Amino acid sequence: MKVAVIGTGYVGLTTAVSLAMKGHEVLGIDVDAAKIELLSNGRSPIYEPGLDQVLLEMLGQSKIRFSTKLLEAKEAQVVFVCVGTPEAADGEADLSYLHAALQDIASLHEHSPVERIVVIKSTVPVGTGDWAADSLRRCNQLHVVSNPEFLREGCALEDALNPSRIIVGADSEEAVAVMQTLYSGLSAPWVITTRANAELIKYASNAYLAARISFMNELARLSTVLGTDVTVVSHGMGLDSRIGPQFLRAGIGYGGSCFPKDTIALLKLANQHGVTLGLLEKVREVNASQPVWFIEQLAQKIPDLSGKRIAVLGLAFKPDTDDIREAPALRILAALQAAGAVVSAYDPIAAKAVAALFPDAEYVTAPEAAFVGAHAAVLVTEWQECVKLDWKLIKEQMERPLLFDGRNAWPCDELKKAGFEYQGVGRS
Ligand code: NAD
Ligand code: UGA
């Protein structure tokens, strides 16, 4: 099929490339001309494992091309909307990019009115798809589908090719049939429902995952005073098939471009309808205080951080991505610098973006270098290169062998035996 994808960020680019891999003819559209230039030359503007290579292959096979002009997509039977829906000042989802994309779609349709499906993949508040369908009603033969995306950054392509489920909110059989053709070959359960249900499934999924993390982070705080080990507790819990092992890792709080903004957007949506989601409010509260709690643990060991050299390992909001949106590292760096610490930071991909925000920190190009002369080291993001380290060398290089493992990813027992002072999150 001929497909246009509006927005070539994490979701749009991954969607475009994965549809091209399935044999569709794809045109990726973005307002950012620099991004389009890079993409047209086979270079991905984002770091996402495996994406660069497949992008080159698809360009080579003429399965994909890029442009700033949606009007070049005259023959597109399907137009995906993958633009950002960031947090607005009041916490609601900012739909201005979506509105602009819908206007472009209306113009395209006026120029070439063919039977066409508009697929909203961006995460949007309940009611947005119905509103879009109403506002595009003057465009005959245009159907609006809500098809939320569940991929994770760091394994976006793999998730897009092997989705856990395909949720399609639609009010026309033609639209559903087109979606089935588009995604044929993907083996995942389908839920065909209303647009509103599809939209709520997306927010509810992210809010629930965020809740599991905050629950474990509170248990970690309890574990710290009880002398229990939250990693053993989560392992024991996760063996119950009703609970499952995923998203039970305590740490320094969730970050990223989605959990923070989607939880607040869901709260705002509920409030607008007179409903209070008290549990979700608490989930956010726990998450906001988790990095503060973590830094307090550090301050107990080093009461005066002024002039102390602290190594910070990992800056992206999670491993295998360059994304620093709402990264816990930003809060950790701000707290350390406010206390007068000298920060020496390492991240294989995200250091440049963080350096623009925290120019006073030192950025090193190898993980071990961050530890040199450090009074303590903090693991913020569990990149493999920040976890698998030469601990013998590090012990010799540190001023004080004090380790704060914000992800419970360093080899706790081995490190204690080697003479390090080790403190994880909720581990006795
Ligand atoms: P992003 O910020 O990485 O990319 C959005 C892109 O859209 C940018 O390149 C921007 O230039 C472009 N854009 C904005 N307005 C445009 C317009 N009018 N026409 C053409 N291009 C336009 O965003 P993202 O992380 O890919 O997220 C996109 C949506 O998908 C959001 O609603 C997000 O909540 C949702 N989502 C994201 C993820 C994720 O892991 N990032 C996963 C699932 C769902
Ligand atoms: C998340 C969801 O997992 C995706 O399904 C969803 O599509 C996406 O949001 C979205 O809507 O954008 P992502 O933000 O890429 O994906 O990353 P996750 O792997 O979910 O991690 C989010 C944050 O939670 C990270 O900061 C991570 O370190 C933290 N986390 C995750 C924990 O602290 N503990 C865990 O057990 C799991």
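How many cavities of 30 Å³ or more does a search of the whole structure find? We will come to the place itself later in the tour, but the count is one. Keep in mind as you click along that this is a predicted model.

**Stop 1: ligand 1**

Start by selecting ligand 1 and the residues around it. The shell holds 26 residues, and the closest are Asp30, Lys35, Thr85, Glu153 and Lys261. Now zoom in on the oxygen atoms of the ligand. One of them sits 2.5 Å from a side-chain N or O atom of Lys35. At Thr85, too, a side-chain N or O atom is 2.5 Å from an oxygen atom of ligand 1. Turn on the backbone for Thr123, where a backbone N or O atom is 2.9 Å from a ligand oxygen. Switch to a surface view next: on its own, ligand 1 has 830 Å² of accessible area, and the protein covers 90% of it.

Which elements should you colour here, as those that give two or more residues to the shell around ligand 1? They are helix H1 (10-21) and helix H4 (96-111). H4 gives the most, with three residues. If you colour the shell by class, you will find 12 nonpolar, seven polar and seven charged residues. Colouring by domain is worthwhile too: domain 1 (2-193) and domain 2 (229-423) each supply at least three residues to this shell.

**Stop 2: ligand 2**

Select ligand 2 next. It has 18 residues around it, with Phe150, Leu151, Glu153, Lys202 and Cys258 coming nearest. You have met Glu153 before, among the closest residues to ligand 1. Here a backbone N or O atom of Glu153 is 2.8 Å from an oxygen atom of ligand 2. The side chain of Asn206 places an N or O atom 2.8 Å from a ligand oxygen, and a polar backbone atom of Gly255 is 3.0 Å from an oxygen of the ligand. Taken alone, ligand 2 exposes 700 Å², of which the protein buries 93%.

Highlight helix H8 (residues 195-226), which provides the largest share of this shell, three residues. By class, the shell divides into nine nonpolar, two polar and seven charged residues. Why does ligand 2 lie between domain 1 (2-193) and domain 2 (229-423)? Because both domains give residues to its shell.

**Stop 3: the second largest pocket**

Now move to Tyr254, Pro260, Asn287, Glu326 and Arg331. Of the 14 residues that line the second largest pocket, these lie nearest its centre. The volume of this pocket is about 250 Å³. Show helix H11 (278-301) and helix H12 (328-338), the elements that give two or more residues to the lining. H11 contributes the largest share, four residues. The lining as a whole has seven nonpolar, three polar and four charged residues.

**Stop 4: the cavity**

Finish where the opening question pointed. Select Ile120, Ser122, Thr123, Val124, Ser146, Pro148, Ala198, Glu199 and Lys202, which line the largest cavity. Its volume is about 40 Å³. Two of these names are familiar: Thr123 has a backbone contact with an oxygen of ligand 1, and Lys202 is among the residues nearest ligand 2. Bring H8 back into view, as this helix gives the most to the cavity lining, with three residues. Coloured by class, the lining shows four nonpolar, three polar and two charged residues.

Notes. Residues numbered from 1 in each chain as written. Chains lettered and ligands numbered in written order. Predicted model: local features only at pLDDT ≥ 70, side-chain atom pairs only at ≥ 80, totals over all residues. Heavy atoms only, no water. Near = heavy atom within 4 Å. Polar contact = N/O pair within 3.5 Å; in protein donor to acceptor, adjacent residues only side chain to side chain. Areas by Shrake-Rupley, 256 points an atom, 1.4 Å probe, with all protein chains shown as cover. Nonpolar A, V, L, I, M, F, W, Y, C, P; charged D, E, K, R; others polar. Domains from an automatic or database assignment. 1 Å grid on protein atoms, 1.4 Å probe; cavity = no way out; pocket = protein on both sides within 12 Å on 5 of 7 lines; lining within 4 Å. Points joined across faces, edges and corners; volume = space filled by probe spheres on them.
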